[in-house]
Amino acid sequence: ATAKHRPVPRAMRAEIVRSELVPDPDKPGSEVRVYVIQHEADGQTHTARRRYKDFLRLHEALPSVQGTKFPAPKSLLRGNEEAFIQQRAAALQEYLNFLLAKAPADERAVVDDFLGRPAATPAQALP
């Protein structure tokens, strides 16, 4: 029997290693904060840069967390103060840890994509 997809190993760790300001692609001359995430899987390190709104979109895309409050609420303040940045990064890190430990198998591809890891590809037939 041939499997349609190779199994996706559950990631054990993804870490927000820093945050940085980058040019806002939607507003020339403005900057946005991104969180740099490193994720190790299959012997490779994958790096992704995600904005707060990307985390929020991920939350909205996962049926298993629907109806739960997003753990890092948006602030009405501009959010460039160091304490706020650290607090938000810690909350987002806790959220990633939760997803990596609890996301159902059918949501792993969405989480992997978010983490910058290519989704599992269909098994290739041997010659």
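How many of the 127 residues of the protein chain count as buried? The share is 34%. Keep in mind that this is a predicted model, and then have a look at the close-ups below.

**Figure 1. The whole chain, with its three helices and three strands.** Follow the protein chain along its sequence and you get the pattern β-β-β-α-α-α. Now take the contacts between residues at least 6 apart in sequence: 55% of them join residues at least 24 apart.

**Figure 2. An open sheet made of three strands.** The order here is E1-E2-E3, and the pairing is antiparallel. Strands of a sheet pair through backbone hydrogen bonds, and they can do it in a parallel or an antiparallel way. Which strands stand at the edges? They are E1 (residues 14–23) and E3 (residues 44–50); each has a single partner strand, so one side of each is left without a neighbour in the sheet. If you ignore direction, neighbouring strands of this sheet are turned by 25 degrees against each other on average.

**Figure 3. Where E1 meets E2, and where H2 packs on the sheet.** E1 and E2 run antiparallel and are joined by nine bridges. To find your place, look for valine 22, which stands opposite valine 32 in E2. Helix H2 packs on the sheet and touches both E1 and E2, with its direction at about 135 degrees to that of E1.

**Figure 4. The hairpin of E2 and E3.** Seven bridges pair E2 with E3, again in the antiparallel sense. One spot to pick out is glutamate 40, which stands opposite threonine 45 in E3. Two residues lie between the strands of this hairpin, and aspartate 42 takes a positive phi near 55 degrees there.

**Figure 5. The buried face of helix H1.** Which residues of H1 are buried? They are Tyr52, Phe55, Leu58 and His59. Looking down the axis of H1, you find these buried residues within an arc of 120 degrees, so they line one face of the helix. What do they pack against? The partners are E1, E2, E3, H2 and helix H3 (residues 108–114).

**Figure 6. Tyrosine 35 meets phenylalanine 55, one of four aromatic pairs in the structure.** The two rings are edge-to-face, at 6.3 Å centre to centre and with 85 degrees between the planes. This pair links distant parts of the chain: tyrosine 35 belongs to strand E2 (residues 31–41) and phenylalanine 55 to helix H1 (residues 52–61), 20 residues apart. Are these two rings' residues buried or exposed? Tyrosine 35 has a relative accessibility of 2%, so it counts as buried. Phenylalanine 55 comes in at 0%, so it counts as buried too.

**Figure 7. Tyrosine 52 and phenylalanine 70, an edge-to-face pair.** Why does this pair get that label? The ring centres are 5.7 Å apart and the planes make 75 degrees, and planes over 60 degrees apart count as edge-to-face. Here, too, distant parts of the chain are linked: tyrosine 52 is in helix H1, while phenylalanine 70 is in the loop between H1 and helix H2 (residues 82–102), 18 residues apart. Tyrosine 52 is buried, at a relative accessible area of 8%. Phenylalanine 70 is buried as well, at 9%.

**Figure 8. Two arginines, each over a ring.** Arginine 88 lies over the face of tyrosine 52, at 3.9 Å from the ring centre. In the other case, the charged end of arginine 50 sits over the ring of phenylalanine 114, 5.4 Å from its centre. Phe114 also belongs to a cluster, in which ring pairs link it with Tyr35 and Phe55.

**Figure 9. Alanine 89 in helix H2.** Is alanine 89 buried or exposed? Its relative accessibility is 18%, and the cut-off for buried is under 20%, so alanine 89 counts as buried. Leaving out residues up to four places away in sequence, alanine 89 touches Ile16 and Tyr35. Now compare sequence with space: alanine 89 and valine 17 are 72 residues apart in sequence, yet 9.2 Å apart in space, C-alpha to C-alpha.

Technical notes:
Residues are numbered from 1 along each chain as its sequence is written. This is a predicted model: local features need pLDDT of at least 70, side-chain atom pairs count only at pLDDT 80 or more; totals for chains, interfaces and linings use all residues. Side-chain values use heavy atoms; hydrogens and water are left out. Rings of Phe, Tyr and Trp (its six-membered ring) pair if their centres lie within 6.5 Å; planes under 30 degrees apart count as stacked, over 60 as edge-to-face and the rest as tilted. Helices (H or I, at least four residues) and strands (E, at least two) are DSSP runs, numbered from the N terminus. Buried means under 20% relative accessible area, exposed over 50%, partly exposed in between (1.4 Å probe, protein chains only). A charge sits over a ring if NZ of Lys or CZ of Arg is within 6 Å of the ring centre and within 35 degrees of the ring normal. Two strands pair if DSSP finds at least two bridges between them. Axes are lines fitted to C-alpha atoms, for helices over the stretch in contact, and angles run from 0 to 180 degrees between N-to-C directions. Contact means heavy atoms within 4.5 Å. The arc is that of the directions from the helix axis to the C-beta atoms.
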